[in-house]
Every structure is written in C-alpha cells, then in structure tokens.
Amino acid sequence: MKISGGFCSLIFNHLCLLLLVIAAHHVGANVEEEKKFYIIYLGDHLADQDAAARMHVDVLTTLKGDDKEARNSLVHSYTKSFNAFAALLSQDEASRMSNMDAVLSVFPSGYSQLHTTKSWDFLGLPQTARRKLKIERDIIVGLLDSGINMESESFKDNGIGPPPSKWKGTCDHHANFSGCNNKVIGARYFKLDEFEDPSDILSPADTQGHGSHTSSTLAGNLVTNASLYGLANGTARGAVPSARIAMYKVCWVNTGCSDMDILAAFDAAIHDGVDLISISIGGAGADYSTDPIAIGSFHAMKKGILTVASAGNYGPGARSVSNHAPWIFTVAASGIDRDFRSNVSLGNGLTVEGVGISAFEPTKKTYPLIHGADGAKNKDTKDSARFCMDDSLDPSKVNGKLVFCEMSNGRADSIVKLAGGAGTIVESQEFVDAAQIFMTPGTMVNYTTAEVIYNYIHSTKSPSAVIYKSKEVKIPAPFVASFSSRGPNPGSQNLLKPDIAAPGIDILAAYTPLKSITGQDGDTQFSKYNLMSGTSMACPHVAGVAAYVKSFHPDWSPSMIKSAIITTATPMSKKVNKEAEFAYGSGQLNPSRAKNPGLVYEADQLSYIQFLCHEGYNGSSLATLVGSKSVNCSQLLPGFGQDALNYPTIQLSLINNNQTTTGVFKRLATNVGPAPTVFNSTIRAPPGVTIMVHPKTLTFTKTRQKKSFTVVVKAKADPMATGQMASGSLVWRSSRYIVRSPIVVYSPESFHL
C-alpha cells in the first residue's frame, strides 16, 4: 500500500503538535515543581498561637484555592514571638503572595554558614573575679549553633539547682541525645527543610563541635587540666560558669544554617525566656528587612534580649563585615599572647620554625624529605603534586617520608597521610595567625622559610628532616585576626562596625566525640577539648561578658549593656592593625571595666526605627521588623543628628573627596554611677579633622540622670594620605571613670561604595 506524501505530512504535523504539547506539559511541570522555601511575614503578633497558625493556613488557602494543598505547602508557623510562616512556593506564588493585603513581606529562605584556658585570664577576668552568683545562676544564655555535647564536663550540673521559674522552654529527647540537666536547661533542633543529612544526627547532639565550643566559652563549668593532647593546658571555663544554657540547633553538616531554621530558633528563644542570644553564624547582605538574623534580633531587642553575633571570617577585605545592624552587638576576632610553633630540623643542621598544632613526638631522629612534585604519580600530576592535591601523590614514593607542599589547600596533610606520608610541611604565602591542626607531624611555614626548605631539598641527594611536637610561645597581643571581617559597614555609612574585638584565635573549649579534631579524612585524633579559631569563638566571649554585666545590672536594657562594653574597651594599636576601627571597632573587650562604665548611651525600638527611616527604609520595608505596615516615617519625629541614633561610637562619611564635610552628632548620656559627679571631655582629632563637643562638661546630680551633648566633626577632603579613613576619639573622664567613644572619618569613594 502506498502512503501519500500529503498523508505523511499530515501525520508529521500532528506528531509535531503532539510533541509540542508533551514538551509544554513537561516544561510546565518543571516550572511548577521548581519550588523554594519562602518566609512570609504577616501583621502584629497574635497572643493566641492557634489562631495565628490557622491564619497562616487561611492565607495559603486563599493563594492556592485548596485547603489540603495549602497545608501541604506550609513548612512552619512562627507564632511564639512574631507572626510569620515558612512555605514551599513557586516564584509566581511568592510574587502573588507578596501582593496580598495580609502579607507584610515575602523573601526566600537561604542558607548561612558557621563562621578557654587562656583567653579569660588574658582579658582580665580571672577565676577570682567578683561575682553576683545568685543573679548569675538565674541568667539563661541562648545559643543558635550546631548543637551541644551533653557528655562534656563543661555542661555537668553537679551542685546546680533547678532552672529559674521564668524558663518556659523545652528539651528534645532522642535515643542519641542524653537530654538536658540543670546546667543545659533547654535543647532543641530545627530542620524545617527536612533534607537528609547523613553526616549529622536529627537531634540537639553536636556532630561538628562548634556549638559545644561556643557554649563552653560563654558559660561552661570550670574544668581543670583541660588541654589538646597536653597543649594549652589549664582550666577551661566560661565567662559566667553559673549561668544556664539553652541550645537551639540550626546548623547542619551538609546544608549549613537555614534562614527559616534561624527564625524558628529566635521565635522559640524569645518565648522561652532567654536573657541574651549568642549567634556565631554569617548574616545575609546589607538589607536589614530581609536578613533573618537582623529580623530575629530586632524582635529579641523588643523583648529586652541582647543579640551578640560574629562579624564574619571574610577578612581582611574591606566591607566584609556581617551582622551589622545597630541593635546587634557585632564582634571581631583578635589574638591573645599565645601561639603554637613547631621546630623543623633539616638534615644540613639548620633549624627553622613553623606555625601549627602538632601533637606528635618524633619516633625517629630523622625522616626522608621530598618535595610534593617528586612524589607525583606521573608527569601529568606533577604540577598538582607540588601542592599535594587530591589524587596527585604516589604512595610508593611518599610512604614513610615528610612531604613539602607548596601553598596550603587546607587538606594537604590529609592527602599526604592517606598516601602513607610520615608528615607534612606546608607553605603559606599569607600571614599565619591561626594555627592549623595537623593529623600527622606537620607545620606551616612562610614564603621565606619555604624557600630555604625548597633550596635544601634540591641541594642534596638524600634530604631529610624531623618535625618536633608543637610548643606554646608568648607573642605580642592583642591584634586583629587576618580572617576577621572588616568595615566599613555595607549596610550604613553612618554606623561603625564591627563594634568590638575579642579573642578568637586558638581558643581551647569543649568539643564533640563525634568528630575528629580536624574533621579531615584519615584523622584518628579525638579530644574532649579542642583549639578552634574564628569570629565564632570571639562572639561567645562578648556574649559571656554581656551576661556578666547583666548579673550586676539585671534591669539594664540591651543597649545599656552594649554601650557599657563598647565604651570601656581597651584601645588597640593602629600600627599593628592598619584598618584601625574598621578591624577592631572600639577595641579589645575589657570585662572588669564593663560592669561599671560610668555613662551609657541608650536606644530603644523607636530609636532604631528613626535610624532606619533616616537610612531610607519606609513603611513596607520596615514592616518585617516592626510587625506592621502602619509605620509612616514622614509622621515620626526624626532622629537627631547626622546618624539619627544615640550610639556609643561616631562615624562620618565624606560627601566626596573634593570638599569639606561637616557632621553634627547628637548624643544623650545616662549616668549609671554614683552622684554627684562631673565628667570632662577630651578630644583627640587626627590631622585634617576638627572635632568639637558642646558642652565640654557634663554635671550629674543623681544616678540615671540624662545629659545631652553635641559633637561636631569637620573633615577636609581626603583626611588621610591613603584617602581611606582617619580616626580620633571623644573621652568623658571623671574622678573614677573613663568613657571612650571612637570617632571615624572615611571616604566611601575610596572603598567603592
């Protein structure tokens, strides 16, 4: 039978049409399936949590037109402290949701990352420090982190009474989690995305060590003879060893820390009755109205809870600081006067020094030493073998030898060990301030030392060396860690961030038995206590001091506690830290002075709203923070002065580099010391900058009396030869107090803002 061409053409056309329909169906299905987690904010917080939850379903039902589909898309209802919910939506649904009358804002839920025996003594808070133990025992510190190791001695409750009556929280019970006690009174986890994470445990248990470390730094018990294989030996303790801990696990090994989990933890912590929150997690971007940490901490502030957060580990680049909202206490990382060094004796008799933590005593007098390239599998892997990269080394060439690796990829010692190597010498072309922990004998050397080792290897047929166990050495301190994020503040040109610096390098604190001390493949070292570095480690130092100050002044607001710590900080050296206040804020944390500051600068919810209005936020963008669209900036009394905020520090941004800029700053100081008292001002102005204060003297006749003053800062174009920033200070001095506020002048043009 012959089939006509016309019939074939007809069949072909129908087939094409069918294929197009099928393709369109699949494309449509893919678009429909492409859903993401969104966080939706509604109006004012409802006292009836059940009513709020029903409202969330109703809003989704209105969107989707089906109650069952609405309930299936609802991920979590935030009902305890604010009125919001998380849902799985398509982009189109999120867009339509944002236009609904009941909805204040909609934004996608992203993921953030987690950013001591010696440190408290270094800061001047010895075990013998004066304490108000009765009040300290009633302070509850909440941590949003990776969980907690309840088996650690740092969290035992020997001799500790029941939780304070204000506590409303709970403790999740699981087969793999031993539960809470009178020390750790709350422990919960949040995993709203329900993605599987085989490397973690669906419980408050800490598989990363991070949460246990921060918790013990903040409020851990006194534990004698704590060390990492004998290194950093001493008494591990928190700033407030008698305080209670509530852990909210929001960070997971594979997925990090979800925005919707973070908000759920804030919601719970505020409701549960914590006194302050410590969060060592990276904040999102510059917009406070979509940053979950800024949002959660604003709601905490409204309830009288201070949030202390890490500045981030993205230094030393400019504008890298995170968690920079004015109601957040932003912490940079500094070093203490201790470092860990290892000697390397070369076969030619020369001894060089490297930085790192190596707990191994050599078992031989000397070991063969090779360059990574000489241990390559073949000529194709020779270049990558120089850097000891994955799958580049030949075990038969490396076995039993020390391997010199050019530049660190973070895993060199793991790769060398898995190839059978006896140890690793790693070159670093950057300044090394945080000691890397090695899983075999190892150390990290600078470029100059690396060149000496390289030349020696190629000067003899049988190069050899031995790496000795690390030792503690005393170094000049404090200094800002190279990794600590720097200002200027990407969220506001009128606000200095970070606020303060605290120890964050090689801090010894509690760890987890569920992870090796390096977390790298091949590591068989486990320890109850571990040395860790990061602004994550600095954050609980400041949170601990905030709790310490609160134990002396339980009625102080978050801004008062924050001001006390900022204005009593120890100034740090600009010669050592070239970014100056953009690196360390007001300076190094000083616990002993912070509890008795003399003067404080207060700010409340209205103060921060006025600041946000001044920054250009409006009713709709403020709604997420305030909980209502009713805020109208044009109807509010504007904040006073250049920055519209009563902040303990002052920052002036130049209009441009071609004209003089003048800033008028209004401040209101509250006397929190005895009265009568008189404070006299002292101004330190950098070249090219004029600073005046009026009045020059503040006289207080009673405690809690307030006095206003004005600071005028006038800066010529390009105040520094570098064209970037200059800094001075205003000091109010009485017979017993020194209250210091840094004053920073900078050129946004120089930082490409």
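This passage describes the overall form of a predicted model and then several of its parts. Residues are numbered from 1 along each chain as its sequence is written. In this predicted model, local features need pLDDT of at least 70 and side-chain atom pairs count only at pLDDT 80 or more, whereas totals for chains, interfaces and linings use all residues; side-chain values use heavy atoms, with hydrogens and water left out.

The protein contains 19 helices and 36 strands; helices (H or I, at least four residues) and strands (E, at least two) are DSSP runs, numbered from the N terminus. Its C-alpha trace spans about 100 × 80 × 65 Å along the principal axes. The radius of gyration is 29 Å, which agrees with the value near 27 Å for a compact globule of 753 residues. This radius is taken over C-alpha atoms, and the globule rule is 2.2 Å times the number of residues to the power 0.38. Of the 753 residues, 59% count as buried, where buried means under 20% relative accessible area, exposed over 50%, and partly exposed in between (1.4 Å probe, protein chains only). About 29800 Å² is exposed, and carbon and sulfur atoms supply 52% of that area; accessible areas come from the Shrake-Rupley method with a 1.4 Å probe, and for residues only the protein chains shown count as cover.

According to the UniProt annotation of an unreviewed entry, residues 38-115 are covered by "domain: Inhibitor I9". UniProt positions are given in the numbering used here, feature names are shortened, and annotations may be inferred rather than shown by experiment. The span is 40% helix and 27% strand, and its end C-alpha atoms lie 24 Å apart.

Four strands form an open sheet in the order S2-S3-S1-S4, with antiparallel pairing; two strands pair if DSSP finds at least two bridges between them. At the edges are S2 (74-78) and S4 (105-108), each of which pairs on one side only. From one strand to the next, the twist averages 20°. Four bridges link S2 to S3 (residues 84-89) in the antiparallel sense, and histidine 76 has alanine 86 in S3 as its bridge partner. Helix H2 (residues 49-64) packs on the sheet and touches S2 and S3, its direction making about 35° with that of S3. Helix H8 (residues 259-272) also packs on the sheet, touching S1 (36-41), S2, S3 and S4, and its direction makes about 30° with that of S2. Axes are lines fitted to C-alpha atoms, for helices over the stretch in contact, and angles run from 0 to 180 degrees between N-to-C directions; contact means heavy atoms within 4.5 Å.

Helix H18 (residues 605-614) is largely enclosed by the rest of the structure, because seven of its 10 residues are buried. Among these buried residues are Tyr608, Ile609, Phe611 and Leu612. Their cover includes helix H9 (292-302), helix H15 (558-567) and helix H19 (619-626). Just after H18, glycine 616 adopts a positive phi of about 105°.

In a regular strand the side chains alternate between the two faces of the sheet. Strand S32 (residues 689-694) has Val689, Ile691 and Val693 on a covered face, and Thr690, Met692 and His694 on an uncovered one. S32 runs antiparallel to strand S34 (residues 706-715), to which six bridges join it; threonine 690 stands opposite lysine 714 in S34.
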